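The exercises below are meant to be worked through with the sequence and the structure side by side. Try each task before reading its solution.

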Amino acid sequence: MSTVNAHVERHSPLAHHFRDMAQQFDAAKLGIWIFLCTEILMFGGLFVAYIIMHGLYPAMFAEGARWCDWRMGAANTTVLIVSSFFMAAGVHYTQTNQRVKAIQSMILTILLGCVFLVIKYFEWRHKFELGLLPAHFFHYKGAHHANLPMFFSLYFCMTGLHGIHVVVGMCLIAWVTIRSIRGEFNSEYYTAVETVGLFWHLVDIIWIFLFPLLYLVG
Amino acid sequence: MIWPLSSLLYSIAHAGGTFMPPDGDTIAPLYDHLYTFMVIIATIASLLVIGGMVYFCIKYRRQPGKNSAYITHNTTLEFLWSFIPFCLFMVAFGWGWYVYYQMRTMPENAFEVNVLAQQWSWNFLYKSGKKTTSDMYVPVNTPVRLIMTSKDVIHSFYVPAFRQKQDVVPGRYTQTWFLAPHVGNFPIFCAEYCGMGHSAMLGTVHVLSKADFDKWLETNPYKGLTPVQIGQNLFQVKCSVCHNPTTQRKVGPGLQHVFGSMVQLQGQPPHLADENYVRTHILQPSTYTVQGFPKGVMPSFQGQLSEEEVLGLIAYIKSLK
Amino acid sequence: MAQNKVAAEAHGHGDGHAGHHIVPMSTYVKVLFALLALTALTVAVARPVSGFDAGIFNTLIAFLIAAVKASLVLGIFMGLKYDKKLNLAIFFTGVFFLLVMLLFCLLDIYTRVHVQSTL
Amino acid sequence: MSATATAHTNDNYLNHEKGLWSWLTTLDHKRIGIMYMITVMLFFFIGGIFAMLLRTELIAPGRTIMGPETYNRIMTYHGTIMVFMVIIPGIPAFLGNFVLPLHIGAKDVAFPKLNLVSWYCLIVGALVAFTSLFYNGVDTGWTFYTPYSIRTQTGVTFMVVGAFIMGFSSILTGLNFIVTVHKLRAPGMTFWRMPLFVWGLYSTAIIQVLATPVLAITLLLIACERLLGVGIFDPTLGGDPVLFEHFFWFYSHPAVYIMILPAMGIISEVITAFSHKTIFGYKAIAFSSIGIAAVSFFVWGHHLFVAGQSEVAGIIFSFITMLVGVPTAIKVFNWTATLYKGSIEFKPPMLFALGFLFLFTIGGVTGIMLATIALDVHLHDTYFVVAHFHYVMVGGTLMAIMAGIYYWFPKIFGRMYSQFWARITFVLIFIGFNVTFFPQFILGAMGMPRRYYDYLPAFTALNRISSIGAYTIGLGFLIALGVILQGIFAGEKAPANPWGAKTLEWTTASPPPHDNFAVEPIVTAGPYEYR
């Protein structure tokens, strides 16, 4: 009896404690949404800090935003939105059993994630060179507002935490792409693709808010 | 209805001791009324629940042949024991608001004292230019408003006899007030954890009669004292929280036999403890850290000591041989 | 909130195939173009870019456009529009408690009495 | 009978697989529950030893056995260990993990791998937190208030990163439980047929999921403040330390309900089982759990009444805090009413449950006193607060954990413990607890601030009584450890349902088989049908 169970566990995507695939899929979906909810609240803490400090020092934020190039920000927004589109397409093609298209879409998503990180790298390097850094390392001489380092603390904390999520998201997409290449997904079982996709879209949403808050508040 | 009842109970409780410190200001009786009321209500509520529990436990203990009843709920009862506590809570809230309003309404034309907290002492600055540490002197029967800030971390100004407490936050001013109707001395505590010397960050409010207070305002505390005596007095209030006048270490090193010796420093060559060394240590303590002691613990006294006082401290430390 | 969850649960329990809604690619493409257009709009109305100035409403406008974009991603890309209502409830619970945190912090900071030193 | 018992011992979760490795890689919620039990008990004894050291230092004014630096560190480790490593994972992750799937007739929690990951998060987080011991310890208190936690030259960074990782353990447990409750109930197990412990765990899980992420970002910001100098909480860089207190208590106030809600669930189970009577007002208790969980997010400002928060905010928070008292009062009254016309047996779990009721009532009424904004001005940050939250956390949560351990012990290990010695532990812990903490209410009223290494001579007598009580509690818990170990290794075999309780877990064997139930149960009635 137990050996039969173990056999089933290894080769079927249905885990032993679920009744059927639908129950398992719903559970995974519910789980990922709860997880996304925790992500919202975690980033939310930073957004609350941002809003409060912005309310206290609007001039400081206007000065800081001048150092953030809106062209690069807009380019990155576009890149992430398009990548989000390809991720949605990846899920769509998996759902409809178009495996090759699904794999292509997901690889494009990863590549766009790389483009995002490259642009981010140039933005960060620019600020590193000028010394526009959090307070312990801030050495830019021409700051008008006494608290200017705080803007860059928030900038690096928010884009840094978001950047970590982008990297994690890319790794996860790479993982489901490999599983997809191995042919583990089909229209009946694609839970991992769907949940990783949801995570990637959330990363996109967070950037949609970060972009105007950091680059366009002047 | 509640007020006279609680007044009665209050006087009974007061005779037996409510364990509250003696009343030091005009807020304290208001506070104690509310406190006594709440203690009585809390006691009655606890006795009802615990008494009911004990009674049921004895009455309905397992006995052979007796089965339990099948009771799922009783809407009326459940409504009542939600609604009655709710009403009591609202009374507590309303009364609490009323007393809090008195506590937080700053009097007009008050005698103002600026409080500067630092690790681990209370500094009081008066408009006349007088400064004291640890001891605050105020006139009796006069509203006193305290405007407070901190040099380093959060402290909390707490005088139990006044039933007043207010956190002292660096980077901004907070305020509190009191009006002391009797002459007396009342302890000040720091109530917000602030590190090593937290429990030693004590002080005293001296409520003086008008005449005594005016006399205190006029006295020069250092008149007729030698520099060593000035230093000794200052050492008691400013330094002795962390330093012993003997060789025994406390938070910082003991200061006996230090003057004139070579001091072993962290990350620096040994330094001769001369006048300049002691002066730097008082005013810019982060310059040196003595071997075997944590870095950055000693606060700076820059701007808090007059030249005469710094000289006095140096003379006193010099005298510790 | 809990009642929502309970209700959604009672509704969703048993009909296991409700989660497999397939959105046509054409919808995704439309959403993509809408998102790109909104990005262009938010850049266009930003003061550092175009000089357009609506005073204190600048931040509000930027935030509203971002919210519209986010709801497009949530509704279509993430499929919340077609999904079980329970998942929607969870998402809004998160946003709601975030707002609670923000509003109470703001309430404190903007109702403080500002004390000045008298020295 | 003996034949079936042998059949059970041949296939239960304890001997399903063998060896340490099978435990460290197990995906079985019951085994993970036991791993949590061992971890939490270990941390509890470390935290307990620290408590004994604190009370020994406070037995007399002045220096008794240690200096202020050591005292402040021990005070901090006592707080952080007890909060983050004992009480928060204590009931949900240990008893909840074991009992929840059994309670609702499931084979496991929804995500068994995540469940194991969450245990490793706790272990890794605890190790990182303890690394701070090699970096000059931590002396901030468990609240990490800025700017002290930014300035102090101690290992705060390790501690907050450790607590951050332990936070993930809590989040993953909560996530797992919500999904399990929604998706894995046995046929016929409707929401209104769930045992009240499940309601307690479900409400707890909601808080864990919604509040812990905010703690995570707050602690991360402290680490960043120390390493990079962020400035949001640092007044020298333009920040606001009171904002930190808001962020911190947005998590940490709901967190006290993470600690107490599942405890209330255990009490509902134990009181019905040993009164052999259905619970009074099932729906009221279930709703009040959810109600407390929801309202708990609106009351955190009562920790900031004297912190420099605005008066308006203080009054609003005081009002909402009063509202949280109502569902709590409902629960207490309903438990008392459940005793009415019962058939009460005084087995050790029931003694602890009654002890809970006694101590929690006192903790609750003093909580209302502290919520009264004017009273809090004098009592805030004094020993009154210390006594209040120990009455709720130790008198409430720990008594409930003890009740839960003694209640489910036969189910977990398939063995019985010594009833006599278990009763002795109750007597020692209950008496010792009151002797320790009741004098602290008086000390607080007299004005002794908390976290004091030294105190005025006037406070000596009460402190001495308090310390003697603490040793009594310590002795009680040592004996409890003996009772548990003796029971595990030498206790007599326990039947499937030794207490005659009605919830699902008692219908399966003791200890349960690997898949919990031989046949998937079909539920047709509520959890407490004692007719």
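Two residues are said to be in contact if their C-beta atoms, placed from the backbone, lie within 7 Å. This is a predicted model, in which local features need pLDDT of at least 70 and side-chain atom pairs count only at pLDDT 80 or more, while totals for chains, interfaces and linings use all residues. Residues are numbered from 1 along each chain as its sequence is written, and chains are lettered from A and ligands numbered from 1 in the order in which they are written.

**Exercise 1. Describe the make-up of chain C and the confidence of its parts.**

Begin with the secondary structure, where helices (H or I, at least four residues) and strands (E, at least two) are DSSP runs numbered from the N terminus. Chain C has five helices and zero strands, so that its elements, read from the N terminus, run α-α-α-α-α.

Next, turn to the contacts: of those in chain C between residues at least 6 apart in sequence, 64% join residues at least 24 apart. Of the 119 residues in chain C, 30% are buried, where buried stands for 20 or more other C-beta atoms within 10 Å of the residue's own, exposed for 12 or fewer, and partly exposed for what lies in between, with C-beta atoms placed from the backbone.

Finally, consider pLDDT, the predictor's confidence in each residue, from 0 to 100. Chain C averages 80, and 83% of its residues score at least 70. The lowest confidence in chain C falls in helix 1 (residues 2-12), with a mean of 39, and the highest in helix 5 (residues 85-110), at 93. Over residues 1-19 of chain C pLDDT stays under 50, and for this stretch the model has 26 contacts beyond four places in sequence.

**Exercise 2. Work out which parts of chain B and chain C touch chain D.**

Take chain B to begin with: 71 residues of chain B are in contact with 73 residues of chain D. Helix 2 (27-59), helix 3 (75-104), strand 6 (155-159) and strand 7 (164-168) of chain B each supply at least two residues of that side, and helix 3 of chain B gives the most, with 15 residues. For the classes, Ala, Val, Leu, Ile, Met, Phe, Trp, Tyr, Cys and Pro count as nonpolar, Asp, Glu, Lys and Arg as charged, and the others, Gly among them, as polar. The side of chain B that touches chain D then has 42 nonpolar, 18 polar and 11 charged residues.

Now take chain C, whose contact with chain D involves 15 residues from chain C and 16 residues from chain D. Helix 1 and helix 5 of chain C each supply at least two residues of this side, and helix 5 of chain C gives the most to it, with nine residues. By class, the side of chain C that touches chain D has nine nonpolar, three polar and three charged residues.

**Exercise 3. Is Ala286(D) buried or exposed, and which residues does it contact?**

Locate Ala286(D) in helix 10 (residues 282-295) of chain D. Count its surroundings: 24 other C-beta atoms lie within 10 Å, and therefore Ala286(D) is buried. Leaving aside neighbours within four places in sequence, Ala286(D) is in contact with Leu196(D) and Trp199(D). Val306(D), by comparison, is 20 residues from Ala286(D) in sequence and 34 Å from it in space, C-alpha to C-alpha.
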